[in-house]
Structure formats: C-alpha cells, structure tokens
Amino acid sequence: MEYSKMMDAALAEQCGNCFAGTGARCDETGCLVGFSQKCLDHYHNGEVRIAGGVSRIPVDDLKAYDKEDGARVIAIACKWCRNCEGNHSEDCVVALCRRSMEFATIGKELEYKGSSLLYLKELAENDSELSQMVMSEFSGLS
C-alpha cells in the first residue's frame, strides 16, 4: 500500500475516534486532523509542498486526540519521508501531517533535521511513551 493511502486511512480512523463522533470530515482551519486531510488532498492533486503551510496548522485546536492514532500518523510520516536532510521543507505535505500530530499528541512541535532516525531520537527525548508507540508502528510498516 502506498504511504499516502496509509496516511488517508489513519487520519480517517482518527476522525472516527473523534469525541464529536460525527464521522464527517472537519474543517481544516480548526482541526489538526482535518488540516492533515486537506494537506493530503493537495498531495493527491500533485502538490508536494504547500506554501505557508506551517502557519496554517491550527495549533489552537484543543480537542483530545488519541495518542495511538497520532503515533500511527507520525510513524507513516517518518516512513514516507525520504530522509531529505538538507532539502527538507516544513511546508512538505508529509512534514505538515507530522507536525499536526505532534501538536495533537504532545502539544508542541519538534525540530525535524531531515532524517527519520534523528527525529525518532528527539521524540524519545520529549515523550518516551509516544516514541515507543511510534517505533512499534514504524517497525510494522513496509
């Protein structure tokens, strides 16, 4: 399965677990998951980066998100990432989805240095429980 489809499915599951329980897709301006889904729409339309995407992340979304759901999205993002190192852009669709789930699970963003392994190390230093969940998901992805 392609990573964008895996991400779509993981985000749809997260919507299904939302306390609002409507199953409807949220507006991307007020929901971290809805924002991530909108980012993936851009990807499916051929846009790999969204200009100014970082400033559009709805960091004031205060809904309670399931940590396991967020861990799955972060793991997919880490697996999908091409370890671009110096060419990394936080406006990349994959990075925007990852950052949204950072806010959803730990309430802050982490610096991504262009390498999934460096990122996972930093995640472990910030939230060992989430890191273990992400590593478990990450190792199960092909």
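Trainee: How many aromatic pairs does a search of the whole structure find?

Mentor: Good place to start! This is a predicted model, and the search covers the whole structure. The number of aromatic pairs found is two.

Trainee: Let's take Y43 and W80. Is that pair stacked, edge-to-face or tilted?

Mentor: The ring centres of Y43 and W80 lie 5.1 Å apart, with the planes at 90°. Planes over 60 degrees apart count as edge-to-face. Therefore the pair is edge-to-face.

Trainee: Which helices hold Y43 and W80?

Mentor: This pair links distant parts of the chain, with the two positions 37 residues apart. Y43 belongs to helix α2, and W80 to helix α4.

Trainee: Is W80 buried or exposed?

Mentor: The cut-off for buried is under 20% relative accessible area. W80 has 7% relative accessibility, so W80 counts as buried. Its partner Y43, at 25%, is partly exposed.

Trainee: And Y112 with Y119: is the pair stacked, edge-to-face or tilted?

Mentor: Here the centres are 5.5 Å apart and the planes meet at 45°. Stacked needs under 30 degrees and edge-to-face over 60. The angle falls in neither range, so the pair is tilted.

Trainee: Which residue lies over the face of Y119?

Mentor: Y119 is buried, with a relative accessible area of 0%. At 5.1 Å from the ring centre of Y119, over its face, lies R98.

Trainee: Which helices do the buried residues of α1 pack against?

Mentor: Helix α1 runs over residues 3-16, and its buried residues include M6, M7 and L11. The buried residues of α1 pack against α2, α4 and α5.

Key: Residues numbered from 1 in each chain as written. Predicted model: local features only at pLDDT ≥ 70, side-chain atom pairs only at ≥ 80, totals over all residues. Heavy atoms only, no water. Helix = DSSP H or I, 4+ residues; strand = E, 2+ residues; numbered from the N terminus. Expected span 1.5 Å × (residues − 1). Buried < 20%, exposed > 50% of the residue type's maximum accessible area, 1.4 Å probe, protein only. Contact = heavy atoms within 4.5 Å. Phe/Tyr/Trp six-rings, centres within 6.5 Å; stacked < 30°, edge-to-face > 60°. Lys NZ or Arg CZ within 6 Å of the ring centre and 35° of its normal.
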